[in-house]
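Let's talk through how a few labels in this model are earned. Each answer sets a value beside its cut-off and then concludes.

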Amino acid sequence: MTVNVAGATDVVVVGAGPVGLMLAGELRLGGADVVVLERLAAPTTESRASTLHARTMEILDQRGLLADLGTPPDEPMGHFGGLPMDLRLPGCPYPGQWKVPQTRTEELLGAWAARLGAEVRRGHRVTALEQHPDRAVVQAAGPGGDPVRITAAYVVGCDGEDSTVRRLAGVSFPGSDARRELIRADVDGIDIRGRRFERLPRGLAIAARRPDGVTRVMVHAFGRAPRAAEASFADLVDAWRHVTGEDLSAGTPLWVNAFGDVSRQAEHYRQGRVLLAGDAAHAQMPIGGQALNLGLQDAVNLGWKLAAVVGGRGPERLLDSYHEERHAVGRQVLSGIRAQARLLLGGPEVTGLREVFGELLPYEAVRSRLAGTISGLDIRYGGTPTDAGRPGGGPHPLTGRRLPPLLLRLRSGPAAYGAEGGDPGTDHSSVRTPDLLRGARGVLLVTADDEDRRRLLTRTAGPFGASVDVVTAAPPAGGPDDSPPDGADAVLIRPDGYVAWAGTSAAGLEAALTTWFTRDTRALSAASKRRPAERHPSPTTDPYTGSHIGRRENMGKLTGKTALVTGASRGMGRATAERLAREGALVAVHYATGADAAAEVVERIEKDGGRGFAVQAELGAPGGVHDLFLGLEAALKERTGATELNILVNNAGVMGGVAPEDTTPEQFDRIFAVNAKAPFFIIQRALAIMPDGGRIVNISSGLTRFANPDEIAYAMSKGAVEMLALHFAKLLGPRGITINSVAPGITRNSNPVFDVPEAVTAMAGLSTFNRVGEPEDIADVVAFLVSDDARWITGSFVDASGGTLLG
Ligand code: NAP
């Protein structure tokens with residue numbers, strides 16, 4: 001049998017129901033390539049889930065899809081376990097619920113996903129799933145039965161309650177099976193009166209006639225357990241007669257099925273490269289259409305995160321946040337559904353309970369609590385950063401909640417969309433907040449009155465421009481439903497419409513930005529494209545062809561980090577600066593006298609698609625360290641909106657080259673001032689702006705282990721440098737900051753001695769590899785030590801002398 005290698009993509013979505021299609025569209029909006037595999041050869045004609053709740057309407061509105069469904073009717077009344085209740089909540093313009101046939105919702109989402117470029121392959125039944133460290137491979141039986149293999153970075157099971165993906169991934173699905181059964185059908189050609197949760201002595205009957213004359217019928221005979229076989233029309237006719245005494249046998253069923261009060265939830269919504277959404281993640285009785293709404297909201301929570309991760313614009317932990325956020329919501333909804341199932345399907349034994357519940361429901365606190373869960377409007381995602389600048393601390397009340405739809409007056413001027421010039425503070429047009437989210441990008445909504453604040457907050461978001469748009473607007477005015485976010489100068493909105501942060505301080509904003517997004521990697525990706533040989537194996541590379549899958553952006557290990565390399569105008573400092581920039585860091589190229597050389601280094605970094613800037617300071621001279629940090633902090637602030645420094649490489653140094661008997665006190669002091677004293681005070685200053693998890697590397701020398709009487713003072717200074725690692729490591733461990741020494745052997749630099757072949761041969765003989773070191777040999781060691789891979793190394797001495805110290 002031949003296996004058709006059907007190619008590779010970023011994400012395979014299994015299941016083209018509403019959840020799979022919504023997810024496919026969201027992934028495409030985020031730039032991810034997606035293939036949807038669907039078992040059915042054609043879309044279903046059965047309209048099972050037909051209720052849209054308020055939050056789902058808001059989500060569809062955000063993507064510009066709501067209007068295509070028409071105008072939501074004024075249908076505020078829903079129910080809790082069959083007890084009528086008003087589902088409306090303040091701050092939401094939509095009615096309690098909207099009956100839309102699932103076929104219509106599916107058609108709308110399918111057309112949208114296709115317009116955005118999602119590829120839906122029907123008639124594909126998934127048969128196998130492999131997970132590898134760098135990819136997942138899905139095998140399916142195609143329309144002709146031939147096996148098809150697709151490689152992807154991630155696979156998402158949206159394949160319903162009996163999810164094949166969940167089973168193949170081995171995700172456990174704890175909970176309880178159905179104990180009670182409802183048979184339901186759409187029946188044509190019958191004329192029975194409408195019944196809304198009518199409880200009769202022998203069971204529950206529901207009937208609703210649609211405008212097209214078809215009647216949706218549901219029936220439960222009290223105490224009836226689920227059947228093993230598929231429900232038939234005859235079963236429905238029997239049960240209806242048993243409960244109501246009426247005969248439906250003259251009708252024509254369009255479809256019939258049965259469902260029960262199953263309640264199960266996947267233990268993990270993510271397992272490695274496999275994720276679950278919709279009914280594949282949670283099986284529940286479809287009371288009041290909550291299953292569909294829960295699933296669509298899963299898709300909108302996951303879509304932007306997964307797209308950001310595969311596109312290199314989001315940290316991988318976003319995928320874990322999908323589980324954390326949606327599993328908690330699912331748990332709450334499922335518990336409400338279990339309570340409703342009890343109230344609805346229980347026989348006479350629940351009559352007392354129903355009466356008490358019926359008395360409690362009119363209380364506003366009870367009603368709004370239940371309406372909040374059913375509508376999806378009360379969701380508050382946790383784990384978002386606090387705003388340090390907020391009086392009393394703690395997150396702003398909006399944090400983690402959906403941004404209610406607001407009408408805003410846009411402001412032109414310097415901070416509007418980050419543009420320069422204009423007439424500060426002039427309002428010129430209005431926008432609805434849902435429209436800002438049309439493209440599923442993050443939005444920083446800046447509403448500060450003060451222009452300097454607006455500028456600062458706007459600048460802070462600058463490095464996140466690949467993921468976040470900045471919109472400046474006047475604070476919303478108006479009634480209680482569109483009240484401004486009190487006490488906030490800006491609101492950071494995630495692409496799914498939830499508030500990541502609201503507050504006043506640039507530091508708080510920066511923390512939120514780095515939690516949910518990564519700094520712009522466009523420059524880095526350009527660099528990676530030019531250097532195919534240096535690319536790291538990526539889950540987004542097709543392992544069969546080696547070609548890039550879709551739009552590739554390879555993340556460097558240091559993307560989003562800032563670094564200072566002292567003495568980076570030449571030698572190994574230069575090589576290190578260039579290497580760290582290639583890994584994605586924004587690099588400060590420090591120099592003392594070589595302004596042109598430093599400018600050349602920056603130019604080369606930028607040519608390679610990286611980011612860097614030069615900063616001058618004479619180390620060892622009074623005020624040198626101070627000057628260095630003045631220049632560094634100003635430049636960092638300009639480029640990132642903050643002064644945070646993640647990586648420090650103390651590389652600048654001077655040799656002695658003077659015999660001990662000729663060394664003057666001035667020469668000795670100079671060597672110590674540049675090589676030992678300056679690094680100490682640079683570390684002291686750097687620690688004030690270095691966040692937890694930072695990295696420090698000090699360049700020592702093999703001469704701390706290898707005798708050379710001409711360099712005693714120099715070797716002493718390097719011996720002192722090594723003490724920095726030992727003692728600071730202990731001090732900085734609790735902050736997760738590592739500090740290590742790297743000791744090069746003889747390494748090529750601009751010293752003319754490297755132009756003398758005999759001298760080079762002699763020096764090469766000191767290394768066991770019989771060559772002199774190249775600056776890149778050292779840069780690679782430093783790049784490792786400052787990466788996350790070296791998180792477990794601190795206080796250590798790394799011999800990078802090419803084996804010179806072996807003796
Ligand atoms: P290099 O080519 O000699 O360059 C030295 C760098 O340090 C230059 O960027 C220079 O800046 C800067 N610098 C020197 N004195 C300074 C001062 N007073 N203030 C500020 N910056 C100053 O360096 P390298 O040979 O690559 O050595 C780098 C480090 O490795 C040094 O710490 C050195 O001791 C150590 N090391 C070198 C070797 C080797 O064989 N090369 C072996 C072991 C250890 P300007 O040019 O702009 O003035």
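Q: Where is phenylalanine 197 found?
A: Phenylalanine 197 is found in strand E13, residues 195-200. Helices (H or I, at least four residues) and strands (E, at least two) are DSSP runs, numbered from the N terminus. This is a predicted model, in which local features need pLDDT of at least 70, side-chain atom pairs count only at pLDDT 80 or more, and totals for chains, interfaces and linings use all residues. Residues are numbered from 1 along each chain as its sequence is written, and side-chain values use heavy atoms, with hydrogens and water left out.

Q: Why does phenylalanine 197 count as buried or exposed?
A: Buried means under 20% relative accessible area, exposed over 50%, and partly exposed in between (1.4 Å probe, protein chains only). Phenylalanine 197 has 18% relative accessibility, so it counts as buried.

Q: What makes the phi of phenylalanine 197 worth a look?
A: Its phi is near 50°, a positive value in a residue other than glycine. Most residues other than glycine have a negative phi. Asparagine 770 also has a positive phi, near 55°. That asparagine sits in the loop between helix H19 (757-764) and helix H20 (775-785), and at 55% relative accessibility asparagine 770 is therefore exposed.

Q: Why is arginine 179 called buried or exposed?
A: Arginine 179 reaches 52% relative accessibility, so it counts as exposed. Its place is in the loop between strand E11 (175-176) and strand E12 (181-188).

Q: How do you know which residues arginine 179 is in contact with?
A: Contact means heavy atoms within 4.5 Å. Leaving aside neighbours within four places in sequence, arginine 179 is in contact with Arg224, Ala225, Pro226 and Asp261. Glycine 260 is 81 residues apart from arginine 179 along the chain, with 6.8 Å between their C-alpha atoms.

Q: Why is asparagine 293 called buried or exposed?
A: Asparagine 293 has 3% relative accessibility, so it counts as buried. This residue lies in helix H6. Beyond its neighbours within four places in sequence, asparagine 293 is in contact with Thr51, Leu52, His53 and Thr56.

Q: What makes a set of residues a nonpolar core?
A: The members are buried Ala, Val, Leu, Ile, Met, Phe, Trp, Tyr and Cys residues joined through side-chain atoms within 4.5 Å. In the largest such core, of 101 residues, Met22, Leu27, Val156, Leu306, Leu444 and Leu492 touch the most other members. Helix H6 (residues 290-310) gives this core its largest share, eleven residues. Domain 1 (4-176 + 264-347) and domain 3 (407-528) each contribute at least three residues; the domain bounds come from an automatic or database domain assignment. Apart from this core lies another, of 32 residues, among them Phe613, Ala635, Leu636 and Ile696.

Q: How do you know which residues are closest to the ligand?
A: A residue is near a molecule if one of its heavy atoms lies within 4 Å of it. The ligand is surrounded by 30 residues, the closest being Ser569, Thr593, Asn651, Tyr714 and Asn749.

Q: What makes the pairing of threonine 593 with the ligand a polar contact?
A: A polar contact is a pair of N or O atoms within 3.5 Å; within protein, one must be able to donate a hydrogen and the other to accept it, and residues adjacent in sequence count only if both atoms are side-chain atoms. A polar side-chain atom of threonine 593 lies 2.6 Å from an oxygen atom of the ligand. For tyrosine 714, the side-chain N or O atom is 2.5 Å from a ligand oxygen, and for lysine 718 it is 2.8 Å.
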